[in-house]
Amino acid sequence: MALTLTAGERHDLIGFDALYAQAQEGGTLTRLTADRAYDADEVRTRLSEDDVECVIPPRKNRLRPPHCSRRLYRRRYKIENWFRKIQDFRRLATRYEKLAACYLALVHLVSSVI
């Protein structure tokens with residue numbers, strides 16, 4: 001699992017390069033599971049070049065939607081549950097931390113508690 005912090009109003013694809021680099025540093029990356037926001041041709045091309053299995057559902061406006069394994073995508077509930085659990089910590093949910101580095105450190109701390 002890799003984690004990076006971006007501004008709330010930014011699109012998810014802006015932080016993809018940093019997130020992907022962090023995931024590759026952690027070891028052998030064989031599968032990437034993400035939501036529809038990461039459905040871009042550049043992302044799919046990069047993953048296929050690196051022999052990484054892509055589990056990203058296609059956007060609704062695609063003319064020829066690529067295949068996505070529904071069975072593997074259903075495992076994404078663990079990530080969604082993690083987001084729900086960190087919201088139980090009031091300091092994270094209300095964003096008391098002003099600095100991004102402090103907020104990210106608190107996310108790491110809460111993740112270790114969970």
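**Exercise 1.** Which residue follows α2, and what is the sign of its phi?

*Solution.* The model is predicted. Helix α2 spans residues 41–49. The residue that follows α2 is D51. The phi of D51 is positive, near 55°.

**Exercise 2.** Determine which residues of α2 are buried, and how they are placed around the helix axis.

*Solution.* Step one is to list the buried residues of α2: V43, R44 and L47. Step two is to look down the axis of α2, where these buried residues fall within an arc of 95°, so they line one face of the helix. The general rule behind this step is that an α-helix has 3.6 residues a turn, so residues three or four places apart point the same way. Step three is to turn to the face directed away from the buried side, which carries the exposed residues E42 and E49. Step four is to find what covers the buried residues of α2; the cover includes α1 (16–25), β1 (31–33) and β2 (53–55).

**Exercise 3.** Is R44 buried or exposed, and which residues does R44 touch beyond four places away in sequence?

*Solution.* R44 lies in helix α2. Its relative accessible area is 14%. The cut-off for buried is under 20%, so R44 is buried. Leaving out residues up to four places away in sequence, R44 touches D39, C54, I56, P57, P58, R62 and P66.

**Exercise 4.** How many disulfides does the model contain, and why is C54 not bonded to C68?

*Solution.* A disulfide needs two cysteine sulfur atoms within 2.5 Å. The cysteine sulfur closest to that of C54 is in C68, at 7.3 Å, which is too far for a bond. The count of disulfides is zero. As for another cysteine, C102 has 35% relative accessibility and therefore counts as partly exposed.

**Exercise 5.** Describe the largest pocket and the second largest pocket by volume and lining.

*Solution.* Start with the largest pocket, which holds about 1,500 Å³ of space. Its lining has 40 residues, and the closest to its centre are A2, L3, L19, I79 and F83. The elements giving two or more residues to this lining are α1, β1, α4 (77–86), α5 (90–93) and α6 (100–113). Of these, α4 gives the most, with six residues. By type, the lining of the largest pocket divides into 23 nonpolar, eight polar and nine charged residues.

The second largest pocket holds about 180 Å³. Residues lining the second largest pocket include P57, P58 and P66, each of which R44 also touches. C68 is another residue of this lining. The lining of the second largest pocket consists of five nonpolar, two polar and three charged residues.

Technical notes: Residues are numbered from 1 along each chain as its sequence is written. This is a predicted model: local features need pLDDT of at least 70, side-chain atom pairs count only at pLDDT 80 or more; totals for chains, interfaces and linings use all residues. Side-chain values use heavy atoms; hydrogens and water are left out. Helices (H or I, at least four residues) and strands (E, at least two) are DSSP runs, numbered from the N terminus. Buried means under 20% relative accessible area, exposed over 50%, partly exposed in between (1.4 Å probe, protein chains only). Contact means heavy atoms within 4.5 Å. The arc is that of the directions from the helix axis to the C-beta atoms. On a 1 Å grid over the protein atoms alone, a cavity is a set of points where a 1.4 Å probe fits but cannot get out, and a pocket is an open set with protein on both sides within 12 Å along at least five of seven lines; lining residues have an atom within 4 Å of a point. Grid points are joined across faces, edges and corners, and a volume is the space filled by probe spheres set on the points. Ala, Val, Leu, Ile, Met, Phe, Trp, Tyr, Cys and Pro count as nonpolar, Asp, Glu, Lys and Arg as charged, and the others, Gly among them, as polar.
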